[in-house]
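Reader: Hey, I'm new to this one and would like a quick tour. Can you put it up so we can both look?

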Amino acid sequence: MTADLKNKFIIEKVKESKLSQANFSNLIFGKLFSDHMFLADFYDGKWHTPKIMPYQALTFEPSAKVFHYGQAVFEGMKAYKDAEGNVFLFRPEDNFIRINRSSERLGMPQIPRAYFLDGIKELVKLDRDWIPTGPGESLYIRPVYIGTENAIAASPSMSYRFMIITSPAAKYYSGDVKVKIEDKYSRACDGGIGYAKAAGNYAAQFYPTEKAKAEGFQQIIWTDSAQHKYLEEAGTMNMFFRIGDKLLTAPSIPESTRILPGVTRASIIQLAKDNGIEIEVRPVEVNEVVEAAKNGNLKEIFGSGTAATVLPIVGLKYRDFYTDLPKLENSYAGFFKNKIMDIQYNRIDDPYGWRVKVD
Ligand SMILES: Cc1ncc(COP(=O)(O)O)c(C=O)c1O
């Protein structure tokens with residue numbers, strides 16, 4: 001821990017843990033929260049003593065700016081336990097960089113590095129017994145950062161709150177996922193906030209996604225807002241397309257301001273390069289993927305993200321075209337999923353330094 005933070009950290013522990021009442025055999029994602037939370041406030045132009053305290057409800061005035069103008073950004077990451085009970089984070093520095101990039105775009109002050117990284121480590125250390133240890137299980141970590149000033153003028157908040165909560169997570173299971181390529185609604189536009197992990201991006205997705213669900217598609221693959229010509233990302237995942245033996249994925253920042261730069265995506269790009277899988281990071285046309293599907297060259301589509309790591313897609317719809325995707329024996333999706341999870345759970349060497357021990 002950074003020396004200056006250690007002295008300034010207030011830690012108030014729960015009197016009695018809720019752990020004995022928690023049912024780990026029936027975990028529903030994001031519903032159960034561990035004993036403690038992290039909280040730090042920014043006001044009068046500076047950050048004030050951060051606190052780790054019992055998870056609890058908070059009081060906000062209805063005039064708090066976040067409710068009106070949506071200054072809210074967040075992160076999503078996980079803590080993993082290995083067979084010996086050691087605890088690890090996966091590339092947490094990348095999440096730190098990303099939340100401050102998101103904050104900058106929404107006109108919010110930068111979060112100090114020590115608050116984010118040491119805050120997570122301290123919180124996870126304190127609630128380490130909340131990390132489930134079954135296959136694929138983990139502790140989901142949700143840093144969230146909001147504007148709290150009680151004032152309803154449309155201008156940046158003068159005060160902010162940064163919090164971290166954690167939630168035990170089961171192995172990801174979503175059933176078969178079919179996707180629809182969206183050509184009417186948009187999630188993001190050039191120069192907008194698509195590359196930020198901003199709460200409003202998710203609100204923008206819900207209505208079109210519910211409509212797609214009613215048609216039998218669990219996720220939407222967004223296309224560029226200007227022409228609906230290029231494939232972008234889906235829900236909470238970046239997307240990869242395998243045509244023949246070549247993997248394609250859309251660019252994120254700096255080339256595109258519309259797509260969130262996923263940590264899992266960056267890991268897959270690196271692993272592809274290091275394992276002889278040809279990969280191109282470039283705008284991917286809807287037409288080339290649909291054409292490949294028609295002539296039998298579209299081998300795989302998969303999503304990448306913290307929740308599922310890698311999620312193979314089983315069906316694709318574009319306008320009145322639909323195709324099932326083949327189930328491959330040796331899929332790229334399976335290869336990347338195993339490699340990344342083996343690193344996360346400390347089952348193989350980590351030549352990249354992605355795994356960060358919490359001790
Ligand atoms: C919009 C969006 N795209 C992509 C991702 C995947 O990012 P990561 O791999 O960092 O979880 C997420 C999830 O965080 C997301 O919300």
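Reader: Let me jump right in: by class, how many nonpolar, polar and charged residues does the lining of the second largest cavity have?

Author: One thing before that: this is a predicted model. The lining of the second largest cavity has 2 nonpolar, no polar and 4 charged residues.

Reader: Which residues line the second largest cavity?

Author: Arg187, Ala188, Trp222, Glu232, Glu233 and Arg258 line the second largest cavity. Its volume is about 30 Å³.

Reader: And how many cavities of 30 Å³ or more does the structure hold?

Author: There are 2 cavities of 30 Å³ or more. The largest cavity has about 100 Å³ of space.

Reader: OK, what lines the largest cavity?

Author: Gly76, Met77, Lys78, Tyr80, Phe90, Asn95, Val263, Thr264, Gly305, Thr306, Thr309 and Gln344 do. Strand 6 (77–81) and helix 6 are the elements that give two or more residues to that lining. Strand 6 has the largest share, with 3 residues. Sorted by class, the lining of the largest cavity has 4 nonpolar, 7 polar and 1 charged residues.

Reader: Where does the largest cavity lie with respect to domain 1 and domain 2?

Author: The largest cavity lies between them, because domain 1 (3–169) and domain 2 (178–343) both give residues to its lining.

Reader: Switching to the ligand. Which residues come nearest to the ligand?

Author: Lys197, Tyr202, Glu233, Thr264 and Thr306, out of 16 residues around the ligand. Two of these names came up earlier: Glu233 is in the lining of the second largest cavity, and Thr264 is in the lining of the largest cavity.

Reader: What does glutamate 233 do with its polar side-chain atom, I mean how many Å from a nitrogen atom of the ligand does that atom lie?

Author: It lies 2.5 Å from a nitrogen atom of the ligand. For threonine 264, a polar side-chain atom is 2.5 Å from an oxygen atom of the ligand. Arginine 98 also has a polar side-chain atom 2.9 Å from a ligand oxygen atom.

Reader: So is the ligand covered or left accessible? What share of its accessible area does the protein cover?

Author: The protein covers 98% of the 380 Å² of accessible area that the ligand has on its own.

Reader: Which elements supply at least two residues of the shell around the ligand?

Author: Strand 14 (237–243), helix 6 (263–274) and strand 18 (298–305) each do. By class, the shell has 4 nonpolar, 8 polar and 4 charged residues.

Reader: New topic, pockets. What's the volume of the second largest pocket?

Author: About 420 Å³. The second largest pocket is lined by 22 residues, and Leu311, Pro312, Ile313, Val314 and Lys327 lie nearest its centre. Strand 18, strand 19 (309–312) and helix 8 (332–344) each supply at least two residues of that lining.

Reader: How do the residues of that pocket's lining divide, nonpolar, polar and charged?

Author: They divide into 13 nonpolar, 4 polar and 5 charged.

Reader: Last bit, the backbone. Where is the cis peptide bond?

Author: A cis peptide bond joins isoleucine 253 and proline 254, with omega about 5°. Proline 254 sits in the loop between strand 15 (246–249) and helix 6.

Reader: And what about arginine 91, what is its phi?

Author: Arginine 91 has a positive phi of about 50°, although it is not a glycine. Arginine 91 is in the loop between strand 7 (87–90) and helix 3 (92–105).

Definitions and conventions:
Residues are numbered from 1 along each chain as its sequence is written. This is a predicted model: local features need pLDDT of at least 70, side-chain atom pairs count only at pLDDT 80 or more; totals for chains, interfaces and linings use all residues. Side-chain values use heavy atoms; hydrogens and water are left out. A residue is near a molecule or strand if one of its heavy atoms lies within 4 Å of it. A polar contact is a pair of N or O atoms within 3.5 Å; within protein, one must be able to donate a hydrogen and the other to accept it, and residues adjacent in sequence count only if both atoms are side-chain atoms. Accessible areas come from the Shrake-Rupley method with a 1.4 Å probe; for residues, only the protein chains shown count as cover. Helices (H or I, at least four residues) and strands (E, at least two) are DSSP runs, numbered from the N terminus. Ala, Val, Leu, Ile, Met, Phe, Trp, Tyr, Cys and Pro count as nonpolar, Asp, Glu, Lys and Arg as charged, and the others, Gly among them, as polar. On a 1 Å grid over the protein atoms alone, a cavity is a set of points where a 1.4 Å probe fits but cannot get out, and a pocket is an open set with protein on both sides within 12 Å along at least five of seven lines; lining residues have an atom within 4 Å of a point. Grid points are joined across faces, edges and corners, and a volume is the space filled by probe spheres set on the points. Domain bounds come from an automatic or database domain assignment.
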